[in-house]
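Here are my notes on the model you sent, set out as numbered points. Please read them with the structure open beside you.

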Amino acid sequence: DNGLNCSNYSYTASWLTDSNGNQEVDMASKDTLINFLLWAKGRYSASHTMLIICDHGAGPVALPLSSRAVCQDHTSAKAGQMIMSNEMPAVFKTAGYGPDAKLDVLFMDTCLEGSLEEAYEVKDYASYYAASANTSNAGGFREDDLLTYFTKDAAPEAVGKAVVKVYKDTMRSSGNAATAEEWKAFKTYLDKANITEL
């Protein structure tokens, strides 16, 4: 319907197996994300790119072992290990992204990544950044709604705006948008934890 051609790339990428040949990699490791980005760039020639990270996230709240981080792996990683936000610049730089070669859209379908601190970490590596300042929709982001915006001549700005619109609509329809009471509770938490600066 949207004029895109599809190819079958179903095979197991070499980096998806461990030294014993098992398909189990540490999704809480920045190296896994680097490997994925390098693999994708080597396999696909695309004029525009969008990276969607769907997993657990923890924003700038000082939580033990998960402050300002994304992606947990309960079968591989050490307890509580995640990819820290301050590791993201090194991830993208190692994968060949930078001010002159940015991702078009970085979409964090994770909890609590829509803060200035999180966006600042990736400002040199993505033209558009979309993320939730609240917990993400437990029912999942509606990717099908977004795919209708993917056309052969889609401009990155239009896709970026579509990501924000569809994500906002998903959050609202799920009843997961932050209420005044939730923001008040969050402020109380920050005060009790003696967090005066994020």
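1. I begin with Leu112, which has a relative accessible area of 24% and is therefore partly exposed, since buried would require under 20%. Leu112 sits in the loop between β5 and α3 (116-121). Its phi is near 60°, a positive value in a residue other than glycine. Bear in mind that this is a predicted model.

2. Cys71 also deserves a look on the screen. It is not a glycine, yet its phi is positive, at about 70°. The residue lies in the loop that runs between β3 (69-70) and β4 (83-84). Is Cys71 buried or exposed? Its relative accessibility is 9%, so Cys71 counts as buried, the limit being under 20%.

3. Now the sheet. It is open and made of 3 strands, in the order β1-β5-β6, with parallel pairing. At its edges are β1 (50-54) and β6 (126-131), each of which pairs on one side only. On average, neighbouring strands of this sheet are turned by 15° against each other, direction ignored.

4. Within that sheet, β5 covers residues 103-109 and pairs with β6 in the parallel sense over 5 bridges. To find the register by eye, start from Val105, which stands opposite Tyr128 in β6.

5. Helix α1 spans residues 30-43, 14 residues in total. From its first C-alpha to its last it reaches 20 Å, close to the 20 Å expected at 1.5 Å a residue. At the start of α1, a side-chain oxygen of Ser29 comes to within 3.1 Å of the backbone nitrogen of Asp31.

6. Which residues of α1 are buried? They are Thr32, Leu33, Ile34, Leu37 and Ala40. The cover over the buried residues of α1 includes β1, β4 and α2 (88-94). Strand β1 thus appears twice in these notes, as an edge strand of the sheet and as part of what covers α1.

7. Last, Lys123, in the loop between α3 and β6. With 37% relative accessibility, Lys123 counts as partly exposed, because that value falls between the 20% and 50% limits. Its C-alpha atom is separated by 9.0 Å from that of Pro89, although the two residues are 34 apart along the chain.

Conventions. Residues numbered from 1 in each chain as written. Predicted model: local features only at pLDDT ≥ 70, side-chain atom pairs only at ≥ 80, totals over all residues. Heavy atoms only, no water. Pairing = 2+ DSSP bridges. Helix = DSSP H or I, 4+ residues; strand = E, 2+ residues; numbered from the N terminus. Axes fitted to C-alpha atoms, helices over the stretch in contact; angles between N-to-C directions. Buried < 20%, exposed > 50% of the residue type's maximum accessible area, 1.4 Å probe, protein only. Expected span 1.5 Å × (residues − 1). Contact = heavy atoms within 4.5 Å. Polar contact = N/O pair within 3.5 Å; in protein donor to acceptor, adjacent residues only side chain to side chain.
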